[in-house]
Amino acid sequence: MSNSFSRESPQSASSPTTMRRSPRKIWWGGLFITSLIAMGSTFEAVRIQRSYNPPTTLATPTQQWAVSSTTATFLLTSLTLASQMIPRSSRLTRGTKLELLLILISLGFTCAAVGASTNPATGLAVNAVGGVSFGNLYYSTWGSFGCAFTLLLSYIRTERGVDLGNELKSKGSRFRSWVILIVTTLIVMGSSASSYDAQCDVDVQEKPGKYCRRAALGVTVGCIGCVTSLTIVAMRMAFATPHEDENVNRGSGGRGSNTIIFAVEGVSSAVLFCAYGFAVAYLTSEKGPGAPLGNLYYSSWATFGLTFFVAASCFEEFQAAKSMILTGRQQQKSRARDSLASNLDTNSLDPGRMGAVPTDWTSQQNTAREVWSENSGQQDTASSSNFGKQASSSVGEVQIS
């Protein structure tokens, strides 16, 4: 069976007429441009910083690391693009393990560049309070990281046949939001810690008390949000079961893993939404560490928006489930009444005559009670079964049964 992601044979790749175009060439080009801007901006930022010091002062380790990482990213990207343009060497860097190695090295260098440039303690792309002071360096380093990460996803999809985007999409939009929350809350925690180190963890007599308390709040809510999001993603991947398996679990006496997971999601999303509502207000206010535009400002607002979306999704799913359960019960009650009336008519009439009166009214009352009890039991079972079949999430998430 042919595989749509399979690579071409070396013979076909070496032929000029059948040579395959690299599916990642545009992203390599984007990484080339952003790394070039980042390298030039890093040189300029380091030169400006060193101009305030005596000429004999050596560059700090952070400055050296920022220059080295951006320069290495640019050189690796340039060599990769040049090799892919030459037919003979393109076979070595197009869909091979060498290309994967180059992507991973570039991703590591871009991560280092982002960390060194956007740290308030270094003052390269942001100032001491976390605000963007050098836009070209700030946005180009983040752009380089985005291009390198996209290159890795593209390689995994085209060369290994694993489409992470579709995998996340198949699990629903709320699951994707939890995954993104892991990243944004981690940035909130890291940025708040960097701001605290730059302004509060210093040997000075007067420290900005309000600023330090709010930075500590950012570290706390970031840590809680990251751990909570990671836990829910792990639960969804490890314990969420299809509807058929869920019915078996419920039939054996358990509440069902899907119902428990949904309850954890609902409570956690509500708590995080309230927590980040207060956190955004305190962090991005005038005296907060997230007041200037920077990592903390963007990540805190993004986290607040994601928690709102998750909480709204859980509420909508709960309302849909509740409506389906009530509708199913009403339908079953109507069917039970019709069945009860039919059984009473059949048991109370003489088979030979139409319109006869009941022969034993007490026995017919007992029969009616038995029929009603039996239909009520069938009603509860059918309601759960019909809801389990229909009540998948309003956004395609966990099936509550």
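The chain I am showing today has 13 helices and 0 strands, where helices (H or I, at least four residues) and strands (E, at least two) are DSSP runs numbered from the N terminus. This is a predicted model, in which local features need pLDDT of at least 70 and side-chain atom pairs count only at pLDDT 80 or more, while totals for chains, interfaces and linings use all residues. Residues are numbered from 1 along each chain as its sequence is written, and side-chain values use heavy atoms, with hydrogens and water left out.

Of the 401 residues of the chain, 38% count as buried; by that word I mean under 20% relative accessible area, with exposed meaning over 50% and partly exposed in between, for a 1.4 Å probe and protein chains only.

Let me turn to the open and enclosed spaces. Both are found on a 1 Å grid over the protein atoms alone: a cavity is a set of points where a 1.4 Å probe fits but cannot get out, a pocket is an open set with protein on both sides within 12 Å along at least five of seven lines, and lining residues have an atom within 4 Å of a point. Grid points are joined across faces, edges and corners, and a volume is the space filled by probe spheres set on the points.

The largest pocket holds about 1,100 Å³ of space. It is lined by 44 residues, of which Trp142, Phe145, Val183, Thr184 and Ile187 are the closest to its centre. Two or more lining residues come from each of helix 5 (97-117), helix 6 (135-160), helix 7 (164-170), helix 8 (173-199) and helix 12. Sorted by class, the lining of this pocket has 25 nonpolar, 16 polar and 3 charged residues, where Ala, Val, Leu, Ile, Met, Phe, Trp, Tyr, Cys and Pro count as nonpolar, Asp, Glu, Lys and Arg as charged, and the others, Gly among them, as polar.

Trp142 also takes part in a polar contact of 3.2 Å, which joins its side chain to that of Asn295; such a contact is a pair of N or O atoms within 3.5 Å, where within protein one must be able to donate a hydrogen and the other to accept it, and residues adjacent in sequence count only if both atoms are side-chain atoms. Asn295 sits in helix 12 and is buried, at a relative accessible area of 12%.

As for enclosed space, how many cavities of 30 Å³ or more does a search of the whole structure find? There is 1, and the largest cavity contains about 40 Å³ of space. Its lining consists of Ser35, Ala38, Thr70, Thr73, Phe109, Thr110, Ala113, Thr141 and Ser144, with at least two residues each from helix 2 (25-51), helix 3, helix 5 and helix 6. Helix 5 gives the largest share of that lining, 3 residues, and by class the cavity is lined by 3 nonpolar, 6 polar and no charged residues.

Next, the aromatic rings. Across the whole structure, 8 aromatic pairs are found, on the criterion that rings of Phe, Tyr and Trp (its six-membered ring) pair if their centres lie within 6.5 Å, with planes under 30 degrees apart counted as stacked, over 60 as edge-to-face and the rest as tilted. One of them is the tilted pair of Phe273 and Phe308, at 5.8 Å centre to centre and 45 degrees between the planes. Because Phe273 lies in helix 11 (residues 257-283) and Phe308 in helix 12 (residues 295-348), this pair ties together parts that are 35 residues apart in sequence. Another is the edge-to-face pair of Tyr297 and Tyr298, with 5.7 Å centre to centre and 80 degrees between the planes; Tyr297 is partly exposed at 26% relative accessibility, and Tyr298 is partly exposed at 35%. Ring pairs also link Phe273, Trp301, Phe304 and Phe308 into a cluster.

Finally, the cysteines. The structure has 1 disulfide, defined as a pair of cysteine sulfur atoms within 2.5 Å. Cys200 and Cys212 form it, with their sulfur atoms 1.9 Å apart, and at -105 degrees about the S-S bond the link is left-handed. Cys200 lies in the loop between helix 8 and helix 9 (209-239), whereas Cys212, 12 residues apart from Cys200, lies in helix 9. Both Cys200 and Cys212 are buried.
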